[in-house]
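Please consider the following account, which leads through the structure from one covalent link to the protein as a whole.

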Amino acid sequence: MPPATDDDVPAAPDADGPPPTPAGATSGTESRGEVGATPGAESPAAAAAPSARPADDRAGEAVEPAGRDALTGSAARSWPELGETDAEAADDGTDTLVATAPHDDDRAESTHDRLLRRLLGDAALRLDSTRAARILGWALPLAVMVLGGIMRFLHLGTPHQLVFDETYYVKDAWSLLQNGYEANWDDNSNPQFEAGDPSGLRTDAEYVVHPLVGKWLIALGMHLGGGMESSTAWRLSAALFGTVAVLMVGRIARRLFASTAWGTVAALFFALDGQAIVMSRISLLDGFLMFFVLAAFGALVLDREQARRRLAARTAAWIDEGRDLGWGPGLGMRWWRVVAAVMLGLACGTKWSGIYFIAVLGLLTVAWDMAARRIVGVDLWAVAGAVKDGIVAGVVLVGGAFAVYLASWATWFTHPGAWGRQWAAENPGQGVQWLPESLRSLWKYHRDMWDFHTGLDTPHDYAAHPLGWIVQWRPTSFYYPSSISGLSGQEALDACGSTSCSQPIVALGNPLLWWAAAAAILVAAVWLVRYRDWRAAAVLSGIAAGWLPWFQYPHRTIFTFYSVVFVPWIAMTLAYVLSLIVGPPELDARGRRKAIIAVSAVVALIVAAGFYFYPVWSGWVISYDQWHSRMWLRSWI
């Protein structure tokens, strides 16, 4: 891992307040060198303040920002917005602020540039400032994506058997290609299907309890990759989406941390995680769900930057014209939010648990808008953010996602033979009468699906309470065929070089990654509460949306592999906390060198664990002893 620079790491703020102001710094918080944080704690016009306060004057006491009134004529803000960095919140009177004499460069800086610097931070503005930085910003995540792709595509067709719930989703996908809807199959039709014989498919509709998007994507892969005869084709779409997700994690984390190095580390963690690998090599729905919610999150991160650039430009124009800010300017059409809405609609069209991401990410993006308005000097920033940004965000995200979700049922609407399609016609006078027949039938179908999901309590050997997911306490064994484990004598020696063989596929996360991330989540939560760092809120958001809702269903039959949906945020959370440990270059060189060595060792161990566990993630035929040596906990067996 390359040594961190001031562009690579967020600073670790002093627990007792801002660090001492070094010579030449314009404020106590500006010297922290935080990635993605605002570089100065004073208001945009603070450089023009007529006087400077000595660094030792009224030490530890909150100081009203001198330039705030000079810029807007407004009173100082009373409290910081959740999810900001400490630097962003420093001018609200709640954090110690030490003013110093402005530099000549600061005096020459335009209102727009100063606002932009405070809204985005120096590191974010420098991120793509050179051609070399832009090239490296793509090259490193792409290199990690290639590694992740190899681990996902290598012998993708092994085993040539329907694994776990592939018996539902892969066969449903083929039925969609043939009938346009999910139809029933003859009993015990798996061997026929695996042999490329479609004769077991019937025309009577099958009752299924998940929407269509993920199954249509599996069908697309089968159509392009060789049809039902090819087990590689069964899994082609899952592997492709899982591979592209590696690149997405790298690019999104790079934007979050304003650092190519730490974005690459996050991508590497994701590329070498067992849950992410297994769910890219088996055609279930959860990998597609993960992809869509990650894409929505990335779109909102880009929207945050674009909106702040607009806010800086429009607010600067108002200030330079001498206009009162009031609630601040409008920000116009925000297309990245529309993209996020489409992705969230596709997520819900894959599995309903995508709806939790609509709620969490919607609140997160509005909180970012509120914080931005507070930073530029809007007095009633919370109200302004809620009215001018929040209402529109709700309409776009919720309304847009709902429209996309409804559209994802298009083939159900157009095929009279689909399950429940004729319910309203067959049951006049029942259901929601003001709806058209087609929507009334869909509503009834959704009620039945809801009853199934909330009432599912069938015992299963690998059912797992969500509390254990975060440490991968009870992973799901997808595949362990007796045809291999039952070999003996020369057959076993020929198969695996031992007297006893195994061919496992275990949906087990990289244990070192998950165990370290479990601790990192606590650190990030403290950083969010103590320092209001927006990056902490961002990396925790997906974990909150993908994990916490499952605690309300402890009676349900649920599995650890559902956690794949928040693996990207697990990777980003650990990368974020490791960057805090390394700290900024201003730290003692010897101590920072030790931190870099320690963090590099952690990264190396996680990478090594990824390669070590790969055989049990990918269905290799190995000896029983090799399998057993990787089952570190009894609960993994």
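The link between Cys496 and Cys501 is left-handed, with -80° about the S-S bond. In this predicted model, the sulfur atoms of Cys496 and Cys501 lie 2.1 Å apart and form a disulfide. A disulfide is a covalent bond between the sulfur atoms of two cysteines. The structure holds one such bond. Is each partner buried or exposed? Cys496 has a relative accessible area of 18%, and because the cut-off for burial is under 20%, Cys496 counts as buried. Cys501, at 1% relative accessibility, is buried as well. Another cysteine, Cys348, is also buried, with a relative accessible area of 9%.

The interior of the protein may be considered next. Of its 637 residues, 58% count as buried. The largest nonpolar core comprises 147 residues, and those with the most contacts inside it are Leu256, Phe269, Phe297, Phe478, Phe566 and Met572. The greatest contribution to this core comes from helix α13 (residues 286-320), which supplies 13 residues. A second core, separate from the largest, has 24 residues, including Leu116, Ala372, Val378 and Ala393.

The surroundings of Phe566 illustrate how distant parts of the sequence come together. Neighbours within four places in sequence set aside, Phe566 is in contact with three tryptophans, Trp469, Trp514 and Trp547. Its other contacts are Ile470, Gly542, Ile543 and Gly546. Across the protein, among contacts between residues at least 6 apart in sequence, 77% join residues at least 24 apart.

Phe269, named above for its contacts in the largest core, belongs to helix α11, where it is one of the buried residues. Helix α11 (residues 260-271) has 12 residues and should span 16 Å at 1.5 Å a residue; its end C-alpha atoms are 16 Å apart, so the expected and modelled values agree. Why may α11 be described as largely enclosed by the rest of the structure? The reason is that 11 of its 12 residues are buried. Among them are Trp262, Val265 and Phe270, together with Thr260 and Thr264. At the start of the helix, a side-chain oxygen of Ser259 comes within 3.3 Å of the backbone nitrogen of Ala261.

Several loops contain backbone features that merit inspection. Most residues other than glycine have a negative phi, and most peptide bonds are trans. Asn188, in the loop between β1 (183-185) and α8 (190-194), has a positive phi near 55°. Arg532 also has a positive phi, of about 55°, and is found in the loop between α22 (511-531) and α23 (534-546). The accessibility of these two residues is as follows: Asn188 is exposed, with a relative accessible area of 73%, whereas Arg532 is buried, with a value of 13%. A cis peptide bond, with omega about 0°, joins Thr158 and Pro159. Pro159 lies in the loop between α6 (131-153) and α7 (166-179).

Ala425, in helix α18 (residues 423-426), is partly exposed, with a relative accessible area of 40%. Ala425 and Ser441 are separated by 16 residues in sequence, and their C-alpha atoms are 8.3 Å apart in space.

The protein as a whole contains 26 helices and six strands. Its accessible surface comes to about 24800 Å², of which 63% belongs to carbon and sulfur atoms.

Terms used. Residues are numbered from 1 along each chain as its sequence is written. This is a predicted model: local features need pLDDT of at least 70, side-chain atom pairs count only at pLDDT 80 or more; totals for chains, interfaces and linings use all residues. Side-chain values use heavy atoms; hydrogens and water are left out. A nonpolar core is a set of buried Ala, Val, Leu, Ile, Met, Phe, Trp, Tyr and Cys residues joined through side-chain atoms within 4.5 Å. Buried means under 20% relative accessible area, exposed over 50%, partly exposed in between (1.4 Å probe, protein chains only). Helices (H or I, at least four residues) and strands (E, at least two) are DSSP runs, numbered from the N terminus. Contact means heavy atoms within 4.5 Å. The expected span of a helix is 1.5 Å times one less than its number of residues. A polar contact is a pair of N or O atoms within 3.5 Å; within protein, one must be able to donate a hydrogen and the other to accept it, and residues adjacent in sequence count only if both atoms are side-chain atoms. A disulfide is a pair of cysteine sulfur atoms within 2.5 Å. Accessible areas come from the Shrake-Rupley method with a 1.4 Å probe; for residues, only the protein chains shown count as cover.
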